[in-house]
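Let's take a walk through this structure together. Keep the sequence and the 3D view open, and follow along as we go from one spot to the next.

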Amino acid sequence: MKKIGIWMDIQKAHIITLTEKGEVRQTLFSEVENYRPSGGSGTKLKGGPQDVVQDSKYSERKKHQIKRYFNTLAELVKDAEAIIIFGPADTATKFRKELNDNHRLLAAKIRSVIKVDSMTDNQVVALIRDFYK
């Protein structure tokens, strides 16, 4: 039985596959850009030149990068029999929503989504092993 645990955040996903023969570890990097607007104007004078920041352009780019990240991750775990997803923030929840919307067969294999902070590699493997016991 192929049981998979995914620790993920917006930057990377650690995929641990438990099989009868042992465990296989794999890391997927998201390539999602971390955009921070520089904002502000080029002068202190009222009405002087100002930088125009196209927030919608960057938001749309980030949305497409996240979708590509989630689709690549879904492709890597498509042959799993059971999946748990965990990680900080809302990335794991957003990934589950993406699976529910666009990969229904894979979404049916999700056993749990758990919110956790940063973990070492050994803690990740221990959490997955304990969950599937």
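Which element supplies the largest share of the lining of the largest pocket? That would be α1, with 6 residues. One thing to keep in mind from here on: this is a predicted model, and the numbers below are computed from it.

Let's stay with the pocket for a moment. Its volume comes to about 240 Å³. If you want to select the lining in your viewer, pick K62, K63, H64, I66, K67, F70, K94, K97, E98 and D101. Two helices, α1 (55–76) and α2 (91–102), each put at least two residues into that lining. As for chemistry, the lining splits into 7 charged residues, 2 nonpolar ones and 1 polar one. On the general idea behind such a search, rolling a probe the size of a water molecule over the atoms shows where empty space is left.

Now zoom out to the whole chain. The protein chain holds 4 helices and 5 strands, and reading along the sequence you get the pattern β-β-β-α-β-α-α-β-α. The chain has 133 residues, and 33% of them count as buried. About 8,800 Å² of surface is exposed, with carbon and sulfur atoms supplying 50% of it. How do contacts spread along the sequence? Take the contacts between residues at least 6 apart in sequence: 62% of these join residues at least 24 apart.

Back to the helices, where two residues deserve a closer look. Q65 sits in helix α1. Is Q65 buried or exposed? It counts as buried, because its relative accessibility is 7%, and the cut-off for buried is under 20%. Leaving out residues up to four places away in sequence, Q65 touches E31, V32 and E33. The C-alpha atom of Q65 is also 7.6 Å from that of S30, although the two are 35 residues apart along the chain.

The other residue is T91, which belongs to helix α2. T91 is buried too, with a relative accessible area of 8%. Once residues up to four places away in sequence are set aside, T91 touches M8, D9, I10 and F70. You have met F70 already: it is one of the residues lining the largest pocket.

E31, which turned up as a contact of Q65, is worth a visit of its own. E31 lies in the loop between β3 (22–29) and α1. With a relative accessible area of 67%, E31 is exposed, so it is above the 50% that exposed requires. The C-alpha atoms of E31 and K12 are separated by 8.4 Å, with their positions 19 residues apart along the chain.

Check the backbone here as well. Most residues other than glycine have a negative phi. E31, however, has a phi near 65°, a positive value in a residue other than glycine. A89 is another case: its phi is positive, about 60°, although A89 is not a glycine. You will find A89 in the loop between β4 (82–87) and α2, and at 53% relative accessibility it counts as exposed.

At the other end of β4's neighbourhood in sequence is E81, in the loop between α1 and β4. Where does E81 fall on the burial scale? It is partly exposed, with a relative accessible area of 39%. E81 and I110 are 29 residues apart in sequence, while their C-alpha atoms are 8.9 Å apart in space.

Last stop: the strands. H14 is part of strand β2 (residues 12–19). At 19% relative accessibility, H14 counts as buried, because the limit is under 20%. Which side chain does the side chain of H14 make a polar contact with? The partner is T27, at 3.1 Å. T27 also shows up in the wider list of contacts: neighbours within four places in sequence aside, H14 is in contact with G5, I6, W7, Q26 and T27.

Notes. Residues numbered from 1 in each chain as written. Predicted model: local features only at pLDDT ≥ 70, side-chain atom pairs only at ≥ 80, totals over all residues. Heavy atoms only, no water. 1 Å grid on protein atoms, 1.4 Å probe; cavity = no way out; pocket = protein on both sides within 12 Å on 5 of 7 lines; lining within 4 Å. Points joined across faces, edges and corners; volume = space filled by probe spheres on them. Nonpolar A, V, L, I, M, F, W, Y, C, P; charged D, E, K, R; others polar. Buried < 20%, exposed > 50% of the residue type's maximum accessible area, 1.4 Å probe, protein only. Polar contact = N/O pair within 3.5 Å; in protein donor to acceptor, adjacent residues only side chain to side chain. Contact = heavy atoms within 4.5 Å. Areas by Shrake-Rupley, 256 points an atom, 1.4 Å probe, with all protein chains shown as cover.
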